[in-house]
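Here's a quick briefing on the structure below, with notes on strand pairing, cysteines and aromatic rings. Have the viewer open while you read.

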Amino acid sequence: MQSIFYFGRSLLLGLRQPFKPRLLCACSGVPRTHPCNVGPAHFGDDAFFIVENEKRSVIGIADGVGGWRRYDVDPSKFTRSLMNNCERIARSTTTDVLNPVGLLQRAYEQMMHLKSPLLGSCTACVIVMDKERKEVSAANLGDSGFMVVRGDVVVYQSQEQQHYFNTPYQLSISNDRLGVIQDRPSDADTTTLSIQKGDLIVMATDGLFDNMFQQQIVDRLQRIDRFAPSYEALKEAADKLAADARNLAMDEDYMSPFAMKAQHYGLNFRGGKLDDITVLLASVVDCWDEKNDT
């Protein structure tokens with residue numbers, strides 16, 4: 001009799017529990033050049049971070065501007081520093097609300113206030129998922145970005161920000177070097193979206209979006225069980241997206257998204273765009289499902 005009582009009470013409690021989302025994440029990538037230029041949170045000049053706590057899930061990605069190598073500056077140090085700062089701030093913030101633009105601003109200011117600031121530039125994209133409000137807020141600066149996929153439908157895709165062709169908005173520290181573009185976190189494109197259990201968020205640097213069309217990306221996600229995803233399934237999909245983008249980047253006859261944009265600007269270009277590729281794939285899951293499984 002006692003076991004029936006506790007089973008019944010557990011069942012009722014389970015029915016009453018509201019949906020409490022979190023992001024289950026997997027990341028993959030391919031560096032542009034040396035295959036060993038990878039680490040726990042970077043692929044080539046790209047970097048990323050993932051933070052999970054009781055109030056929110058926070059993810060971010062940054063793409064270093066390779067042109068700094070002309071000045072003997074390693075652009076990967078800039079992106080890793082920015083993402084490390086974002087991760088540290090996101091972990092230590094205990095307020096109910098964390099604004100993605102504010103997060104980028106604080107991380108960027110910390111870099112500028114160093115006694116010996118790191119020179120460099122990068123694009124950046126940050127998403128904050130509020131577990132209480134069941135919504136994501138995003139800030140995207142430049143041509144990295146994200147898309148939200150619900151089933152086989154893209155319910156949102158961020159828009160890239162370009163000053164002119166192949167010159168995205170970017171955060172920079174230049175020590176007043178002439179000709180360096182220097183945008184601000186407040187210039188980022190922002191949005192807030194309601195999310196549902198089973199939504200997939202594809203966050204990536206332009207190494208993915210310059211080489212794969214929206215439908216190609218969506219097709220790769222269809223083998224994931226939306227309502228019972230596993231880390232392994234997400235990682236496999238992220239690996240395949242990164243590999244697909246890399247293969248297409250090396251196809252000289254492929255009419256890539258980048259090639260189509262180039263031709264729009266009057267440039268005679270065909271093929272993919274070889275670049276660092278980072279794919280951060282996140283599934284909106286229910287925390288209560290995971291607790292009930294333990």
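Strands β6 and β7 (residues 135-141) run antiparallel and are joined by seven bridges. Keep in mind that this is a predicted model. β6 is a handy place to start, so here it is with its neighbours, followed by the cysteines and the rings.

**Around β6**
- In the β6–β7 pairing, C125 sits opposite N140 of β7.
- The hairpin that these two strands make has four residues between the strands, and K134 adopts a positive phi near 60 degrees there.
- β5 (residues 56-64) also pairs with β6, antiparallel, through nine bridges; C125 in β6 is the bridge partner of I61.
- Three bridges connect β6 to β12 (residues 171-173), again antiparallel, and here S121 has S172 as its bridge partner.
- Strand β6 spans residues 120-130, and 11 of its 11 residues are buried, so the rest of the structure largely encloses it.
- Both faces of the strand are covered: G120, C122, A124, V126, V128 and D130 point one way, S121, T123, C125, I127 and M129 point the other way, and all are buried.

**Cysteines**
- How many disulfides does a search of the whole structure find? The count is zero.
- Take C122, one of the β6 residues: its sulfur has C86 as the closest cysteine sulfur, but at 8.8 Å that is too far for a bond, since a disulfide needs the two sulfurs within 2.5 Å.
- C122 has 0% relative accessibility, so it counts as buried.
- C27 tells a similar story: the closest cysteine sulfur belongs to C25, 8.9 Å away, and that's too far for a bond.
- C27 is buried as well, at 12% relative accessibility.

**Aromatic rings**
- Searching the whole structure turns up seven aromatic pairs.
- One of them is W68 with Y71: the ring centres are 5.9 Å apart and the planes meet at 65 degrees, so this pair is edge-to-face.
- Are the two partners buried or exposed? W68 is buried at 4% relative accessibility, whereas Y71 is partly exposed, with a relative accessible area of 39%.
- F165 and Y265 make a tilted pair, with 5.3 Å centre to centre and 35 degrees between the planes.
- That pair bridges distant parts of the chain, 100 residues apart: F165 is in the loop between β10 (162-164) and β11 (167-168), and Y265 is in the loop between α7 (257-264) and β15 (277-286).
- F165 and Y265 also belong to one aromatic cluster together with F258 and F269.

Technical notes: Residues are numbered from 1 along each chain as its sequence is written. This is a predicted model: local features need pLDDT of at least 70, side-chain atom pairs count only at pLDDT 80 or more; totals for chains, interfaces and linings use all residues. Side-chain values use heavy atoms; hydrogens and water are left out. Rings of Phe, Tyr and Trp (its six-membered ring) pair if their centres lie within 6.5 Å; planes under 30 degrees apart count as stacked, over 60 as edge-to-face and the rest as tilted. Buried means under 20% relative accessible area, exposed over 50%, partly exposed in between (1.4 Å probe, protein chains only). Two strands pair if DSSP finds at least two bridges between them.
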